[in-house]
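Grab a coffee and open your viewer. Here are a few short exercises, each with a worked solution.

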Amino acid sequence: MANQTWALDPTHSELQFKIKHLMISTVSGQFNEFKATVRTDDNDFTKAKVHFEATVDSISTNNEQRDAHLKNGDFFDAEKYPVISFDSERMEKIAEDEYKLYGTITMRGVSKKIILNAEFGGITKDPWGNTRTGFSITGKINRQDFGVSFGAVSETGGLLLADDVKINANVQFVKEAVAIAA
């Protein structure tokens, strides 16, 4: 079988996160710069190898002051740790369009194993003859596991931020042409 590479189409992809604020509402954000590649045996995603990187400095919550705070040492420490990465170990097919994606996420110099849910959107040809595939990826991490321990308390004694951070990525990939040996 061919060793197939799929490249991320950043114009048709997004990486978002959500966290509880004051334990009464949810704040959303996203990373505007990220890249990923997926390597498969032909179109078989059960053997997929995924490599993903997000640029921490591209974080956006639609609030410049909050974004600046998230980039400093209380949170992501973007200057010292400019990238969040994920490398898969395996992808397990659960149902026709559902997978479990096992791998390691590295943030702030700390690597932890994680299991993400991956919903397969299918494979199709675009109007220009390119083969494309898409996935919706969901999961959650505990920010404390990565040294993001900012723990301010509200006036009433409640936590300012929850520990769990929900991850939501909608990604589209383009199959790269396979080089044929002469």
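The exercises below deal with a pocket, a core, some aromatic rings and one serine, all in a predicted model.

**Exercise 1. Describe the largest pocket: its volume, its lining and the make-up of that lining.**

Start with the space itself: the largest pocket holds about 860 Å³. Next, look at the walls, where 43 residues line the pocket. Gln16, Phe17, Phe31, Val165 and Ile167 are the ones that lie nearest its centre. Now ask which element gives the largest share of the lining: that's strand β11 (residues 161-175), with six residues. Finally, sort the lining by type, and you get 36 nonpolar residues, five polar and two charged.

**Exercise 2. Find the residues that touch the most other members of the largest nonpolar core.**

The core has 43 residues, and the best-connected members are Leu15, Phe31, Phe45, Phe76, Ile84, Phe86 and Phe135. By element, β11 gives the largest share of this core, seven residues. Then zoom in on Phe86. Skip its neighbours within four places in sequence, and its contacts include Val50, His51 and Phe52, along with Leu101, Tyr102, Gly103, Thr104 and Ile105. Ile114 and Leu116 also touch Phe86.

**Exercise 3. Work out how Tyr99 pairs with other aromatic rings, and which cluster Tyr99 belongs to.**

A scan of the whole structure turns up nine aromatic pairs. In one of them, Tyr99 meets Phe120 with 6.3 Å between ring centres and 85° between the planes. Planes over 60 degrees apart count as edge-to-face, so that's the label for Tyr99 and Phe120. In sequence the partners are 21 residues apart, with Tyr99 in strand β8 (residues 98-107) and Phe120 in strand β9 (residues 110-125). Both rings belong to buried residues.

Now take the pair of Tyr99 and Phe135: also edge-to-face, at 6.2 Å centre to centre and 70° between the planes. Phe135 sits in strand β10 (residues 131-142) and Tyr99 in β8, so this pair ties together parts that are 36 residues apart in sequence. Phe135 is buried, as is Tyr99. Last step: put the rings together, and Trp6, Phe45, Tyr99, Phe120 and Phe135 make up one aromatic cluster.

**Exercise 4. Why does Ser25 count as partly exposed?**

First place the residue: Ser25 is in strand β3 (residues 25-31). Its relative accessibility is 33%. Buried needs under 20% and exposed needs over 50%, so Ser25 lands in between, as partly exposed. To finish, check its surroundings. Beyond neighbours within four places in sequence, Ser25 is in contact with Ile19 and Lys20. Leu161 is 136 residues away in sequence, yet its C-alpha is 10.0 Å from that of Ser25.

Conventions
Residues are numbered from 1 along each chain as its sequence is written. This is a predicted model: local features need pLDDT of at least 70, side-chain atom pairs count only at pLDDT 80 or more; totals for chains, interfaces and linings use all residues. Side-chain values use heavy atoms; hydrogens and water are left out. On a 1 Å grid over the protein atoms alone, a cavity is a set of points where a 1.4 Å probe fits but cannot get out, and a pocket is an open set with protein on both sides within 12 Å along at least five of seven lines; lining residues have an atom within 4 Å of a point. Grid points are joined across faces, edges and corners, and a volume is the space filled by probe spheres set on the points. Helices (H or I, at least four residues) and strands (E, at least two) are DSSP runs, numbered from the N terminus. Ala, Val, Leu, Ile, Met, Phe, Trp, Tyr, Cys and Pro count as nonpolar, Asp, Glu, Lys and Arg as charged, and the others, Gly among them, as polar. Buried means under 20% relative accessible area, exposed over 50%, partly exposed in between (1.4 Å probe, protein chains only). Contact means heavy atoms within 4.5 Å. A nonpolar core is a set of buried Ala, Val, Leu, Ile, Met, Phe, Trp, Tyr and Cys residues joined through side-chain atoms within 4.5 Å. Rings of Phe, Tyr and Trp (its six-membered ring) pair if their centres lie within 6.5 Å; planes under 30 degrees apart count as stacked, over 60 as edge-to-face and the rest as tilted.
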